[in-house]
Amino acid sequence: MSDAEPAPEGTPDLTMVRRMWADDRASRALGMDARTIELDHAVVAMPVTEDMVNGHDIAHGGYIFTLADSTFALVCNSGGRPTVAAGADVTFIAAARLGDVLVAEGRTRAAYGRSGLTDVTVTRECDGAVIAEFRGRSRNLR
């Protein structure tokens with residue numbers, strides 16, 4: 001199905017969120033790959049490159065946060081209404097290293113009025129180790 005075709009009846013229309021992802025130069029520049037985009041759910045992968053490693057020889061937390069935030073954006077925009085972050089928190093649990101592929105999986109936790117909560121778990125692909133937990137608070141623009 002092309003982005004121009006309407007979604008079949010009963011299927012969420014993901015045209016807006018897919019277009020948003022296609023236009024996301026920041027995520028693309030970091031090598032992010034959106035593996036799954038569904039209503040209230042997304043999975044995004046990102047390799048840890050040399051440019052992402054800090055002075056402790058581990059992945060800089062800002063890049064891990066950015067991966068989670070990009071996943072959060074897909075989840076909270078999957079309903080087709082332009083939505084932005086109102087705030088977010090991250091807890092770093094384990095280190096990621098050069099060459100690791102990180103996988104962020106996000107799901108809507110709650111949606112109420114124009115506000116929402118989205119949880120994103122970042123894991124290391126090779127062993128499933130949890131690297132970080134992220135909670136984003138969103139606000140619909142309309």
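Good morning. I begin with a pair of strands: β3 and strand β6, which spans residues 130-140, are joined by nine bridges and run antiparallel. Within this pairing, Phe-92 stands opposite Ala-132 in β6. Please bear in mind that what we are viewing is a predicted model.

Let us now place that pair in its sheet. The sheet is open and has six strands, in the order β1-β2-β4-β5-β6-β3, with antiparallel pairing. Which strands lie at the edges? They are β1, residues 33-38, and β3, residues 83-92, and each of them pairs on one side only. From one strand to the next, the twist averages 20 degrees. As general background, the strands of a sheet pair through backbone hydrogen bonds.

I turn next to strand β5, residues 115-124. Why is this strand described as largely enclosed by the rest of the structure? Eight of its 10 residues are buried, so β5 is largely enclosed, where buried means under 20% relative accessible area.

Consider the two pairings of β5. With strand β4, residues 101-112, β5 pairs in the antiparallel sense over 10 bridges, and Ala-111 stands opposite Gly-116 in β5. These two strands form a hairpin with two residues between them. In that turn, Gly-113 has a positive phi of about 55 degrees.

With β6, β5 shares nine bridges, and the two strands again run antiparallel. Here Leu-117 stands opposite Arg-137 in β6. How many residues separate β5 and β6 in their hairpin? There are five, and Gly-128 in the turn has a positive phi of about 75 degrees.

Thank you for your attention.

Definitions and conventions. Residues numbered from 1 in each chain as written. Predicted model: local features only at pLDDT ≥ 70, side-chain atom pairs only at ≥ 80, totals over all residues. Heavy atoms only, no water. Pairing = 2+ DSSP bridges. Helix = DSSP H or I, 4+ residues; strand = E, 2+ residues; numbered from the N terminus. Axes fitted to C-alpha atoms, helices over the stretch in contact; angles between N-to-C directions. Buried < 20%, exposed > 50% of the residue type's maximum accessible area, 1.4 Å probe, protein only.
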